[in-house]
Amino acid sequence: MKKNKIKLGVFRWISIGCFLLFILLPVLWMFGTSLKSPAEQYQKEVRFFPQIPQWDNYKKIWSSVPLAKYFGNSLFIALCTVAICIVISIFAAYALSKFRFRGRQVFGISALFTQLMPGVLYLLPIYIMMVRLQQSIGIQITGTYGALILTYATFGIPFSIWMMRSYFDTIPNELAEAGQIDGCSRMGTFFRIVLPLAAPGIAATAMYIFILAWNEVLFATVLTNETTRTYAIGLREFEKQYTKDYGQLMAASIIVSAPIVALFFTFQKLIVSGLTGGSVKE
Amino acid sequence: MLKQLWRRRKKRYRQNWIIIKENCCAFSFMEMRSEFIGGRIVKKLLIQRNKKKRDWLPFVCIFPALLAMLFIHFIPSVIGIGISFLNFSSEALRDWSKADYIGLANYAKFFSSGTTGDQFLSSVKASLIYTIASLVLIVLLGLFAAMLLNQEGRVYRILRAVFLIGWILPNVVTGYIWKSMFLSESGPINAILMKMNIIDQPIYWIVGPLSIIPPIVANVWRSWPFAFITLLAGLQSIPQDLYDAADVDGANRLQKFFNITLPSLFAITRVMIMLLIVWTALDFVMVYTMYGYAPPAEANVIPVYVYNMGYQTWDFGKASAVSTLLMLVMLGLCILYVRSMFQEKKE
């Protein structure tokens with residue numbers, strides 16, 4: 001029996017080691033390559049870490065491609081997307097969770113459907129629609145921040161409605177009722193009671209939307225131009241250059257992954273500590 | 001005696017009515033649960049009161065979301081289906097009157113023998129391979145990792161966070177990392193395989209018949225943490241009593257796994273697999289970052305095929321036809337998904 005347990009422990013840790021290797025090898029490769037000079041990238045012998053590590057790539061990326069601008073664009077678009085998406089879907093989620101009205105089910109299910117339909121299916125029609133629209137009203141739409149933000153926000157809406165709805169559902173109705181007896185209006189109870197309690201849930205949703213907007217590639221390829229380009233498209237330019245400098249590409253990749261990795265590791269704590277379910281004992 | 005009882009009841013109703021009246025004024029149309037309504041009469045009264053006027057507040061609340069979804073989801077789907085019946089080229093983009101109605105001709109091209117038909121077939125094949133291989137690997141890896149890390153303790157908590165790294169990194173970055181790893185001369189994968197004496201010549205992964213493998217590996221690396229997290233949550237929700245009972249009955253590990261763990265995970269896995277199918281089948285990023293506008297035929301998955309047909313050859317009509325076909329398939333999957341979700345709720 002005891003022998004069996006030891007065997008199981010050894011097996012467990014060997015498997016965990018294999019997983020770690022699988023997970024961390026690409027990350028290590030990314031970091032190692034970002035320190036390689038162009039000559040060292042194409043050496044006969046492949047190494048994970050260069051013989052002479054150098055940080056030049058991290059300096060060069062800012063001048064060989066306007067990475068700072070792309071980074072700024074991505075950040076601006078992602079933040080605006082989060083703001084718009086959360087504001088719109090908070091109300092919808094509240095209505096779905098705390099009101100009973102005609103069409104509630106239909107709305108909820110159609111939101112679910114659109115969440116499942118990925119962007120590829122909408123790409124062509126949205127593009128055609130926007131080109132058509134900008135011709136008839138004479139205002140540039142494709143290539144502006146607005147078009148991209150609106151599209152991203154809408155793609156985030158169904159998901160955030162469902163996610164926040166499940167958070168609102170955990171807030172007991174008794175709390176809202178208590179607020180009403182104390183003289184709050186219906187929207188008053190929402191802002192003063194429901195929202196503060198659901199704050200961790202809203203923060204988590206906001207994080208997901210940010211990741212969604214930060215990682216999006218498909219719409220960015222057709223709805224951006226030189227001035228509004230996001231980093232996801234900008235990274236291509238490192239590869240297009242005839243030298244194909246993977247060192248610079250990997251250095252830039254680390255830079256653009258940093259915000260999201262940082263965000264994730266800070267939020268993990270918040271999600272764990274922020275679950276205030278049970279503020280009313282049932 | 002009877003009269004007395006009746007009087008008492010009436011009194012109670014009246015008291016309840018006062019409470020309810022208060023509530024009615026305050027939030028007449030909030031979700032009311034039957035437990036705080038006293039008797040049947042009062043309930044009836046309440047319902048009648050509710051019917052008198054329509055409450056617009058919930059509709060106002062969902063209106064912005066509805067409007068946004070209308071413009072970005074519903075109208076474009078209708079336009080997309082419409083365009084699939086037109087000969088819609090880049091000229092028509094400027095002037096819609098140049099798009100002629102050609103009926104089902106766009107669809108017919110994909111099902112006839114010819115270059116378009118062959119390309120379509122090969123891209124369907126690529127998509128099927130991509131989806132099935134990814135799905136199997138993702139679920140198996142996720143399940144295995146979830147069972148390994150279903151333990152209490154600090155080390156395991158840290159490991160869980162580390163296991164999620166692939167999921168957090170931007171897709172584009174994942175694509176580029178794996179592309180550079182699969183390079184035949186300077187990539188580490190060939191180097192490792194050659195060191196282990198599995199191969200003696202560098203393999204060309206990025207071109208030729210093996211070119212579907214790098215996107216699959218990259219996609220698995222990116223997506224398996226999702227399966228891992230979902231299945232871990234599923235594992236943790238299985239009550240320990242079941243295992244204790246099995247211990248009493250003298251079941252071994254394998255029996256416990258097949259008779260308790262797998263059936264309990266089934267509900268959660270069903271939804272997860274549905275989501276993974278949809279995401280993987282329509283994943284555009286991996287192939288696009290690795291191969292750009294000209295992927296090899298073996299890796300030309302449908303989303304990239306549609307994209308290039310639209311934005312490289314500017315044939316929006318045909319591209320929309322493929323999109324519409326895809327949409328139908330996905331709609332079928334979605335209906336299955338929604339149904340299984342509601343079944344779960346009932347259970």
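**Exercise 1. Secondary structure and burial in the two chains**

Task: State how many helices and strands chain B has, and set out the corresponding content and the burial of chain A.

Solution. Chain B holds 16 helices and two strands, where helices (H or I, at least four residues) and strands (E, at least two) are DSSP runs numbered from the N terminus. The model is a predicted one, in which local features need pLDDT of at least 70 and side-chain atom pairs count only at pLDDT 80 or more, while totals for chains, interfaces and linings use all residues. Residues are numbered from 1 along each chain as its sequence is written, and chains are lettered from A, with ligands numbered from 1, in the order in which they are written.

Chain A, in turn, has 12 helices and zero strands. For burial, a residue counts as buried if 20 or more other C-beta atoms, placed from the backbone, lie within 10 Å of its own, as exposed if 12 or fewer do, and as partly exposed in between. With this criterion, 40% of the 282 residues of chain A are buried, and in chain B buried residues make up 35% of 347.

**Exercise 2. Extent and domains of chain A**

Task: Describe the dimensions of chain A and the contact between its two domains.

Solution. Begin with the radius of gyration, which is taken over C-alpha atoms and set against a globule rule of 2.2 Å times the number of residues to the power 0.38. Chain A has 24 Å, whereas a compact globule of 282 residues would have a value near 19 Å. Along the principal axes, the C-alpha atoms of chain A fill a box of roughly 75 × 75 × 30 Å.

Next come the domains, whose bounds derive from an automatic or database domain assignment: domain 1 of chain A covers 1-54 and domain 2 covers 64-273. Their centres, taken over C-alpha atoms, are separated by 34 Å. Two residues are in contact if their C-beta atoms, placed from the backbone, lie within 7 Å, and by this measure eight residues of domain 1 of chain A are in contact with eight residues of domain 2 of chain A. On the domain 1 side, the elements that give two or more residues are helix 1 (2-34) and helix 2 (38-41) of chain A, and helix 1 gives the most, with four residues.

**Exercise 3. The nonpolar core and the contact between chains**

Task: Locate the largest nonpolar core and characterise the side of chain B that touches chain A.

Solution. A nonpolar core is a set of buried Ala, Val, Leu, Ile, Met, Phe, Trp, Tyr and Cys residues joined through C-beta atoms within 7 Å. The largest one has 143 residues, and those with the most contacts inside it are A:I88, A:A92 and A:A153. Helix 4 (residues 67-98) of chain A contributes the largest share of this core, 16 residues. Leaving aside residues up to four places away in sequence, A:A92 touches A:I161 as well as B:C61, B:I62 and B:A65.

Turning to the contact between the chains, 68 residues come from chain B and 68 residues from chain A. Helix 3 (residues 57-83) of chain B supplies the largest share of the chain B side, 17 residues. That side divides into 56 nonpolar, 10 polar and two charged residues, with Ala, Val, Leu, Ile, Met, Phe, Trp, Tyr, Cys and Pro counted as nonpolar, Asp, Glu, Lys and Arg as charged, and the others, Gly among them, as polar.

**Exercise 4. Backbone geometry and confidence**

Task: Examine the positive phi angles of B:N197 and B:W314, and then identify the stretches where pLDDT is under 50.

Solution. B:N197, although not a glycine, has a positive phi of about 60°; this residue is placed in the loop between helix 10 (188-195) and helix 11 (213-236) of chain B, and B:N197 is exposed, with 7 other C-beta atoms within 10 Å. B:W314, also not a glycine, has a positive phi of about 55° and is found in the loop between helix 15 (302-311) and helix 16 (316-346) of chain B. B:W314 counts as partly exposed, with 14 C-beta neighbours inside 10 Å.

For confidence, pLDDT is the predictor's confidence in each residue, from 0 to 100. Chain A averages 84, and 93% of its residues score at least 70. Over residues 272-282 of chain A, the pLDDT is below 50. In chain B the mean is 81, with 84% of the residues reaching 70 or more, while pLDDT stays under 50 over residues 17-41. Where pLDDT is low, the predicted coordinates should not be read in detail. For the complex, the predictor gives an ipTM of 0.87 and a pTM of 0.83.
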